[in-house]
Amino acid sequence: MQSFSEEKSSCENCGIDLRGKKGAGKGQASVRYCSNACRQRAYRRRQKVGAAVVSTREAAQLTSLVGRDHDIAELRRTLKDTRLLTITGAPGIGKSRVAMEIIRKEQNVSHREAQIIDFCQPEMISLSPESLLSLLEESIVGRMMMEPEETGWPAEQLVLLENCDRVIEFCGPTVVALLFRFPGLRVVSSSREPWRISGEVVYRLAGLSLPRLSDGVSLEKCMRANAVRLFVSRCKAVNNEFELTEGNLMDVRDVCISLDGIPLALELTAQLARALPVATIRNQLRDGTATLNQAWRTTDARHRDWWHTVQWSYDYLTADEKRLYRRLCAIPNSFGVEAAEAAYTDDPKEARAVTDMLVQLEAKSLLWSCSGGSQKMPAFIMPNPLRVAVRQNLLGIEEEAGVLDRTVKRMVELADRLSNEMFPSVATLHRLDHEREHLRFLLTRLDGTSNASQLPLTLMLAALANFRGENTDEALTRIQDAISVTNPGSERRADAFNWALELACWYGHDREATCLAPEAVSSAILTQDDARIARALLLSSLCKEMYTDGDDTAIDDLKRSISIAERRGFRTMLAACLSHLARHRLRQGSPSESARLLESTVPTLRQFATGWQLSSALLTAGAAALEREQVSEAEKFFQEILTLPSSPGFYDGVLGLALCATFDNRFERALKLMSTIGGEPLTSFRLFPSWQERMAEARRIAIRILSPARANAALTAGAQLDIRQIVNFALDDYISEPRARNDDILTAREWNVLELVMKGMTNVEIAHRLHLSVRTVETHIRSIRTTLGLRSRAHMAAWAVQNLVETHSSAQINSWRQHA
């Protein structure tokens, strides 16, 4: 193919010699044709050959575009400052449709017809790379030279290159040369991966907005989600009797979430609403049995059904990338690098290439990255519709079984690391928390089998349940089932008894705890491992303290554990035992001795312990300070409980602060704090039996001293607080009352971003304050502007000031900012 810089010696249409007919002016474009007639003939010939250059007025759309107003506005603003704009995104995300809408709007403004070159038209697919390059060059150059301006340079021209996936490897230099040659040329391209050309601006389309799970079943809130709006409109198009009601709202919401808001997947799924109720569609999507084979007869082959859409991208992967992508479909769709390596291979040498392949798959929009912001571990998400399609059509049974075996092996190795820690550290638990979805997936797959890996995986589940205070009943049941098929005397059996006993003690399973305590001690003794014996004795002491009247026998077990910890140098175990002993001393009426024991133990537990071991120590320290009437010191301990990550003693800390407020005659604050507790189970009532009576007495005193109106107002206000507001109020005297008008318009994170914008912070400063990436902050700001209909940051700040000042004083606003 002839280069742009080479001088042509003959007419490109008829071959007549052009020497001596070059443009005379400086910067004048080279003459390519002997006459305007030859230029027109060449242009018409290119139209017939390529069938790809069309006017946007000929590319009318038959359906409405839902939920992309914000993206289109952002892309048009970006296009003003760039000459090469690439729209990328996952298969079916709507890249071509958005690009066409941009071209249509730009054409209406400029009154110039844009060129559209679609590389997926049948006539284009059959062309060789050389022919495609020639067609691309001739189409654009011919159009640019049709109407040169007075300066000699061609007029401005907007070109849309659609579906560039198959030409992106070899057309890049041609696009660059065209942009250099014609300053008035602007190119918009749609592709599943960027060109990677200097000066290119990439805009990645995300799925349509989804309803938040916290929105409940409100029709109004759910219809704000663009995915729901699109799905409902397409369902009505095929079934005129379809209506979104309270009865099917949850099903519609779940369908949209299952499809990750991908427009094409939503539209194809909506075709099923002609014959199936939405509940059936939801169940099929949840079970992975739904096949989105409903198709339009008039569309191109790759969009005819969902599998062909996915296959179009899959076929352009390398052999290794295909193998990795297939195997990733066998694990949950959110995973890190280690999980991907285990799914791909057990060969360390082959595993080294996985990271690069993940990056390539993310660049090709087949994976989504979620490693920005405060995410400490790199993680990827495979869109669920893609995962289901590849798994149904390409993943073999043997290959899937191999992935499952390697994944189980990796998780068992993590469980073994957990068993080596007497008290799992915060870092270890956070590490395991990232694997929570994989853990539950594997346990579900192993249910009903006699696989020996069930027990170590169940122990991981127990550790996470204790750390997060969630799903404790399920974890306890699974452990007890696993114990029944485990060999006596094994270390894992002893660990299982210890975890089961700890969950039973802290979460109110009195019968299970009293039955498990002697079994845990005897099982630990069989292992002859001092660490396991010391832990079993400590938990046995806790069980007797909380669920029996045997304080003396509880202290005996505690002293035996202390003896082992001192002899073996188990520092954290010794600190935990002494904190339990301090609680016994407090219950026996010696708060000073209790405080003395806690002085050295609490710092150690802050450093090494988590969950209830740390929360109970802080609770005891606060109770001891309260008994000595050191209210301010007690408040600090109780407030610290509320700041712990995944603190299981949250409401016990709130109760402690309520008792402190009663001591200081702050009765309104005490009532508000007490009413936040509601019916939450409180471990402090079992650790300190007198607290239940003291809480009731404090409530009676506060109600008697305050007027009925003030007391009822305090109780009502406290009952309406959410977790964030409880924390804000408990950590300070300020209370953030529920916003009366606008709180449900924005998410909690969007409110945080909006308030920092009101303070005049830049995106970089907001990202640093909230531990987010700058890109995430930009996304939140775009969402706020779209939701509220605001045009600039100044409008955002003015809106925030107006809506916050209506509800709060300036001092309260500053306090909320500090704790947000």
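This is a short talk on the predicted model of one protein chain.

Hello everyone, and thanks for coming. Let's begin with the overall picture. The chain has 820 residues, and 54% of them count as buried. Its secondary structure comes to 41 helices and 8 strands. Now take the contacts between residues with a separation of 6 or more: 69% of those join residues that sit 24 or more positions apart.

Since this is a prediction, let's talk about confidence. The average pLDDT of the protein chain is 81, and 84% of the residues reach at least 70. Which elements have the lowest and the highest mean pLDDT? The lowest is helix α41, residues 810-819, with a mean of 37, and the highest is helix α13, residues 319-328, with 95. Two stretches deserve some care when you look at the model. Over residues 149-153 the pLDDT stays under 50, and the model gives that stretch 9 contacts beyond four places in sequence. Over residues 805-820 it also stays under 50, this time with 26 such contacts.

Next, the inside of the protein. In soluble globular proteins, nonpolar side chains tend to be buried together. Here, the largest nonpolar core has 114 residues, and Leu457, Met460 and Leu501 have the most contacts inside it. Let's pick Leu457 and see who its partners are. Leaving out residues up to four places away in sequence, Leu457 touches Met411, Val412, Leu439, Leu442, Leu443 and Leu446. Apart from this core lies another one of 77 residues, including Cys235, Ala265, Ala389 and Val403.

How many cavities of 30 Å³ or more does the structure hold? There are 3, and the largest has a volume of about 140 Å³. It is lined by 15 residues, and the closest to its centre are Pro424, Asn466, Trp499, Glu502 and Thr610. Three helices give two or more residues each to this lining: α21 (454-468), α23 (491-506) and α29 (611-627). If you sort the lining by class, you get 9 nonpolar, 4 polar and 2 charged residues.

Now for two residues with an unusual backbone angle. Most residues other than glycine have a negative phi. Arg196 is not a glycine, yet its phi is positive, at about 60 degrees. You can find Arg196 in the loop between β4 (185-190) and β5 (201-204). Ser365 is not a glycine either, and its phi is positive too, at about 65 degrees. Its place is the loop between α16 (354-363) and β7 (368-369).

Are these two residues buried or exposed? Arg196 counts as exposed because its relative accessibility is 53%, and the cut-off for exposed is over 50%. Ser365 has a relative accessibility of 1%, so it counts as buried, which takes a value under 20%.

Last stop: Asp251, in helix α9, residues 249-258. This charged residue is buried, because its relative accessible area is 12%. Which residues does Asp251 contact, leaving aside its neighbours within four places in sequence? They are Val278, Ala279 and Arg282. Asp251 and Arg282 are 31 residues apart along the chain, but their C-alpha atoms are separated by 6.1 Å. Do look that pair up in the structure.

That's my tour, and I'm happy to take questions.

Technical notes. Residues numbered from 1 in each chain as written. Predicted model: local features only at pLDDT ≥ 70, side-chain atom pairs only at ≥ 80, totals over all residues. Heavy atoms only, no water. pLDDT = per-residue confidence, 0-100. Helix = DSSP H or I, 4+ residues; strand = E, 2+ residues; numbered from the N terminus. Contact = heavy atoms within 4.5 Å. Core = buried A, V, L, I, M, F, W, Y, C linked by side-chain atoms within 4.5 Å. Buried < 20%, exposed > 50% of the residue type's maximum accessible area, 1.4 Å probe, protein only. 1 Å grid on protein atoms, 1.4 Å probe; cavity = no way out; pocket = protein on both sides within 12 Å on 5 of 7 lines; lining within 4 Å. Points joined across faces, edges and corners; volume = space filled by probe spheres on them.
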